[in-house]
Amino acid sequence: GQCSTCHTITPGGANGTGPNLHNIVGAAKMHIAGFNYSGAMKAAEGQWTYENLDAWLKSPAGYMKGTSMSFAGIKKDADRANVIAYLAANTEGAPPFPAPLAAAAPAE
């Protein structure tokens with residue numbers, strides 16, 4: 001719900017304050033041609049992997065200094081996982097989800 005204030009996710013949908021997020025998983029960080037990205041995003045390299053999306057959603061400003069995205073982030077792991085699953089469900093041919101991390105050994 002919070003994301004839809006600035007973003008759309010429908011195929012071919014218009015950009016809002018933020019870019020349309022359809023097909024974002026695995027896409028280049030500047031995936032929408034012609035969108036007016038911040039200088040920080042223009043300098044960013046790589047793709048929106050699941051790991052990068054998780055770090056971005058946790059703290060956009062912490063992940064990318066100088067971003068124009070004013071959203072503070074999603075602190076709860078489960079909430080970020082749900083958003084990422086939603087983005088993947090709206091990405092045609094999304095990459096497979098990474099394997100779960102191994103459980104930590106119990107403390108002695």
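These legends describe close-up views of side-chain contacts in a predicted model.

**View 1. F35 and Y37 form an aromatic pair.**
A search of the whole structure finds 5 aromatic pairs. In the pair of F35 and Y37, the ring centres lie 4.8 Å apart. The planes meet at 70 degrees, and the geometry is edge-to-face. Both F35 and Y37 are buried.

**View 2. Y50 and F97 form a tilted aromatic pair.**
The centre-to-centre distance between Y50 and F97 is 4.9 Å. Their planes are 35 degrees apart. Y50 belongs to helix α2, which spans residues 50-58. F97 lies in the segment after α4 (77-89). The pair therefore ties together parts that are 47 residues apart in sequence. Y50 is buried, at a relative accessible area of 8%. F97 is exposed, at 53%. The assignments follow because buried means under 20% and exposed means over 50%.

**View 3. W48, W56 and Y63 form a cluster.**
Ring pairs link these residues, W48, W56 and Y63. W48 also has a charged group over its ring, that of K29. The charged end of K29 sits 5.4 Å from the centre of the W48 ring.

**View 4. R80 and D54 form a salt bridge.**
Across the whole structure, the search finds 2 salt bridges. In the bridge between R80 and D54, the closest N and O atoms are 2.7 Å apart. The pair links distant parts of the chain. R80 is in helix α4, D54 is in helix α2, and they are 26 residues apart. R80 counts as buried, with 3% relative accessibility. D54 is partly exposed, with a relative accessible area of 28%.

**View 5. R80 and D77 form a salt bridge within helix α4.**
The closest N and O atoms of R80 and D77 are 2.6 Å apart. R80 and D77 are 3 residues apart in helix α4, so about one helical turn separates them. D77 counts as exposed, at 54% relative accessibility, whereas R80 counts as buried, at 3%.

**View 6. D54, D77 and R80 are linked in a network of salt bridges.**
R80 bridges to D54 and to D77. D54 is in helix α2, and D77 is in helix α4. The residues of the network differ in exposure: R80 is buried, D54 is partly exposed and D77 is exposed.

Terms used
Residues are numbered from 1 along each chain as its sequence is written. This is a predicted model: local features need pLDDT of at least 70, side-chain atom pairs count only at pLDDT 80 or more; totals for chains, interfaces and linings use all residues. Side-chain values use heavy atoms; hydrogens and water are left out. Rings of Phe, Tyr and Trp (its six-membered ring) pair if their centres lie within 6.5 Å; planes under 30 degrees apart count as stacked, over 60 as edge-to-face and the rest as tilted. Buried means under 20% relative accessible area, exposed over 50%, partly exposed in between (1.4 Å probe, protein chains only). Helices (H or I, at least four residues) and strands (E, at least two) are DSSP runs, numbered from the N terminus. A charge sits over a ring if NZ of Lys or CZ of Arg is within 6 Å of the ring centre and within 35 degrees of the ring normal. A salt bridge is a side-chain nitrogen of Lys or Arg within 4 Å of a carboxyl oxygen of Asp or Glu.
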